[in-house]
Amino acid sequence: MDPNIHLIAVLVALILLAPLVTVALCLALRRPRICEYINLAAAIVVFAAVVRLLPLALATSHTFLNGYLIVDSLGVWVLLSVATVYLLASLYAIGYMRSMQEDSRLHRFYALFAGFALTTLTGPLMNNIGVYWIAIELTTLVSTFLVCFELGRESIEAAWKYIVVVSGGISLALLGIIFFYWGGSLRLGSTYDLTWSALRAVAPNMNPTIALAAFLLVLIGFGTKVGLAPMHTWLPDAHSEGPAPVSAMLSGALLNTAMIGIARFIQVSDAAHLGLLPRIVVVAIGALSLLIAALFITRQMGIKRLMAYSSVEHMGVMALGFGFGGPLGIAGALYHMLSHSLNKSLMFFGAGNAMQVFQTKRISRIHQVLSRMPVSGLLWLAGAVAITGAPPFGLFLSEVTILRAGLLGPNAWAVFVMLLLLIVIFVGFLNHFRAMYFGAALSPDTLPEVEDPLSTQRRLSAWCVVPMWLALVPLLLLGLWWPGAFSHYFAAIAAQLAGGAGP
Amino acid sequence: MLAAHLHPLAASLFSLLAIASLLLAFVMLGSRWLKDYLVAFGLQSWLIAILSAAVGYYGGYHELYLIAIFTALFRGLILPLLILRIIHRLNVDRELHERLSPSSSLVVGALLVLFAFVVSTHLGDALGLAGTVAVLALTVMLSMKLIGFLMLVVRGEVLSQILGLLVLENGIFLGSQILVPGMPLLIELVILFDLLVVVACFGVLVRYLVTHAGTSSTYGLRRLVG
């Protein structure tokens, strides 16, 4: 019996109850200012609890509530990235949502926001695969209403596409889960609990044909939710039309919770001895995501769509990391996950600030950023350099690690594809920033009405700038120094994920 | 597993119910009228409820009786009523601009069933279940899945899209009753409940769509590209 088990139980309860209480309080109190701070307090509690949970989950995994909840190192790592983004986005939301002047509906926004955080935090903790599927489905339902919160024509269009494409896609994952259950039931008898460990244990004896079919179905299904090409079509719409804090949550938190489903199913496919095919498919989908992202980033016109396609790119990189596998690939993918969460929050906050200042989403109408928003402009520019994978930021280290992992494995071709496309994306992405920062000023008649720069400064409140610092500083630290504790942690996760056998 | 050694009468009853459900999916494909879709969907849900009860009876899974009752109640009654409310609010009673006429959709649907049959036969052979009702269940499950996706692709009315998604779910549910009748009760109930929430969310979203975007057809939604 682990002496820490009670502490873990309390922490998990805190992580799940804090957002739940927030939802109830926001709906009950209906005061915009109070709801802001309640949500922020919940985010701080969740973040603190996750940080405390991190070392406790290192040694072994624990299950609670009759085996429905699992606390393991992989799940807690994802919780860390979710909690980080939730905290940053809650800070940012205070400034951003005030500027939208929707105070009468703001309590609903925060109730939905906390509800979204709750479902996203629930996913990685689910041990029963069926319940995990439901948690992922619930994230879609809640976030749909955040995407269309502004009730503009475009945002409703985005929400509709989001819910239809993702519900349709994820129903394929349910089919795959039923196939897995069926394959297992031929060995275990007709009634059993389909937990991750049960599935891994039965996988070596499962019929390979059915295991392969099931794996491909769950890969497509959860891949839709992760936004891997060619199932990514909902992602640019949903990410670009929601309010900026919601975009950050969608990109930095939500996608990761679906990604660990894929990571865990890869482990099952390894245990089932399906040969090289499953990993080749994962790697190919990852490479395709990079390709699609590279094409759309280069020709992009909308600032938030640019960030959204960058998410497709980074999910592709993560899929490559998990697809290459091995301790190095898994470590790279997980490091990438945290760095991307920080970095993409920073980018969406910057985009939100630019939209507040310039009143447009079009890249061509944003110009001379540094003269209009000097501090947050610089932070945003640093973030742009970081997100393309340039040193000295976190994503550089993780991408190099993933490249090294790929060279060791059988899919070395993908390393060269990845390298080439990363360079294309680097050039394409930063070219937009060059135009926005250093391009010639637009001619006066096309300018939006000129305001004196002081008023602009006043409008960007500290709430909108501080979270950018809070994202950039750790990102820089992660780039300069790979903490030794993380290496231990990733080794533990890799050992856990390799529990079955090699491919 | 259950499907491998069944009483012949039970096997034919299961087959009959499964095939009738598949036929109802074709009724949806072959019609333009939203009310037809709804009636076909409701009937299909009732057939699946009967199937659950039959599997429960012949296989000795008594908790399936409960599932049957909930299926009939949720899928056969509450969901159609919710959707009927949406239809009344919309003032649309038929598909106006489908991408593929009903007759062509029927042909494509038939091809999809063929494809599903080939895949299921292959899977059935691999598992040594050739010729059992399991292969039929797989065929119907995959066919309804594909037909649901076909409806999502070729029909533009928001309601057809909701029903397309529901056909996807019905297909999975039907197949799972025969293939994995022992699935834990809790999971099945949560999935049923989840469906209710999905349709409620769609209802709200349809209202937004009509009031703020002024359209009940997804063909109007083409602003976000690139």
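Modeller: Let's pin down one term before anything else: a residue counts as buried if 20 or more other C-beta atoms lie within 10 Å of its own. By that count, 47% of the 226 residues in chain B are buried. In chain A, buried residues make up 61% of 503. Keep in mind that this is a predicted model.

Biologist: Predicted, fine. What scores does the model get?

Modeller: An ipTM of 0.95 and a pTM of 0.94. Chain B has an average pLDDT of 89, and 99% of the residues reach at least 70.

Biologist: What makes chain A as compact as a globular protein of that length?

Modeller: Start with what it's built from: 20 helices and two strands. For 503 residues the globule rule gives 23 Å, and the radius of gyration of chain A is 22 Å; the two are close, so chain A is as compact as a globular protein of that length. Its C-alpha trace spans about 75 × 55 × 45 Å along the principal axes. Contacts in chain A tell you about sequence distance too: taking those with a separation of 6 or more, 82% join residues 24 or more positions apart.

Biologist: And chain B: how do you know that its radius of gyration agrees with a compact globule?

Modeller: A compact globule of 226 residues would come out near 17 Å, and chain B has 18 Å, so the value agrees. Chain B has seven helices and zero strands. The principal-axis spans of its C-alpha trace are about 55 × 35 × 30 Å. With a separation of 6 or more, 74% of the contacts in chain B are between residues 24 or more positions apart.

Biologist: Now helix 4 and helix 5 of chain B. What describes how they pack?

Modeller: Two packed helices are described by the angle between their axes and the distance between the axes. Here, helix 4 (residues 102–127) and helix 5 (residues 133–154) of chain B pack at about 145°, and their axes are 8 Å apart. Angles run from 0 to 180 degrees between N-to-C directions. As for handedness, helix 4 of chain B passes helix 5 of chain B in a right-handed crossing.

Biologist: Which residues make the contact?

Modeller: From helix 4 of chain B they include Val108(B), Leu112(B), Ala116(B) and Gly124(B), and from helix 5 of chain B they include Leu138(B), Leu142(B), Leu146(B) and Leu150(B). The contact residues split into 15 nonpolar, seven polar and no charged.

Biologist: How many residues does each chain put into the contact between A and B?

Modeller: Chain A gives 35 residues and chain B gives 37. On the chain A side, two or more residues come from each of helix 5 (129–147), helix 6 (153–188) and helix 8 (208–226). Helix 6 of chain A has the largest share, with 19 residues. That side of chain A divides into 19 nonpolar, ten polar and six charged residues.

Biologist: Why is Leu165(B) called buried?

Modeller: It has 23 C-beta neighbours inside 10 Å, and the cut-off is 20, so Leu165(B) counts as buried. Leu165(B) sits in helix 6 (residues 158–179) of chain B. Leaving out residues up to four places away in sequence, Leu165(B) touches Val164(A), Ser167(A), Gly168(A) and Gly148(B).

Biologist: What makes Met183(B) buried?

Modeller: There are 25 other C-beta atoms within 10 Å, set against a cut-off of 20, so Met183(B) is buried. Its place is in the loop between helix 6 and helix 7 (185–213) of chain B. With residues up to four places away set aside, Met183(B) touches Tyr181(A), Ser176(B) and Glu188(B). Met183(B) and Leu64(B) are 119 residues apart along the chain, with C-alpha atoms separated by 9.6 Å. Leu165(B) and Met183(B), in turn, are 18 residues apart along the chain, and their C-alpha atoms are separated by 22 Å.

Biologist: Why does Asn66(A) count as exposed?

Modeller: Exposed needs 12 or fewer C-beta neighbours inside 10 Å, and Asn66(A) has 10, so it counts as exposed. Asn66(A) is in the loop between strand 1 (62–64) and strand 2 (69–71) of chain A.

Biologist: And why does Gln101(A) count as exposed?

Modeller: Gln101(A) has 8 such neighbours against that limit of 12, so exposed is the word again. Gln101(A) lies in the loop between helix 3 (73–100) and helix 4 (106–122) of chain A.

Biologist: Where is phi of Gln101(A)?

Modeller: Near 55°, a positive value in a residue other than glycine. Phi of Asn66(A) is also near 55°. Most residues other than glycine have a negative phi, and most peptide bonds are trans.

Biologist: Speaking of peptide bonds, which residues does a cis peptide bond with omega of about 0° join?

Modeller: Ala229(A) and Pro230(A). Pro230(A) is in the loop between helix 8 and helix 9 (234–241) of chain A. The bond from Pro391(A) to Pro392(A) is cis as well, with omega near 5°.

Key: Residues numbered from 1 in each chain as written. Chains lettered and ligands numbered in written order. Predicted model: local features only at pLDDT ≥ 70, side-chain atom pairs only at ≥ 80, totals over all residues. Helix = DSSP H or I, 4+ residues; strand = E, 2+ residues; numbered from the N terminus. Left-handed = near helix turned anticlockwise from the far one by under 90°. Contact = placed C-beta atoms within 7 Å. Nonpolar A, V, L, I, M, F, W, Y, C, P; charged D, E, K, R; others polar. Rg over C-alpha atoms; globule rule 2.2 N^0.38 Å. pLDDT = per-residue confidence, 0-100.
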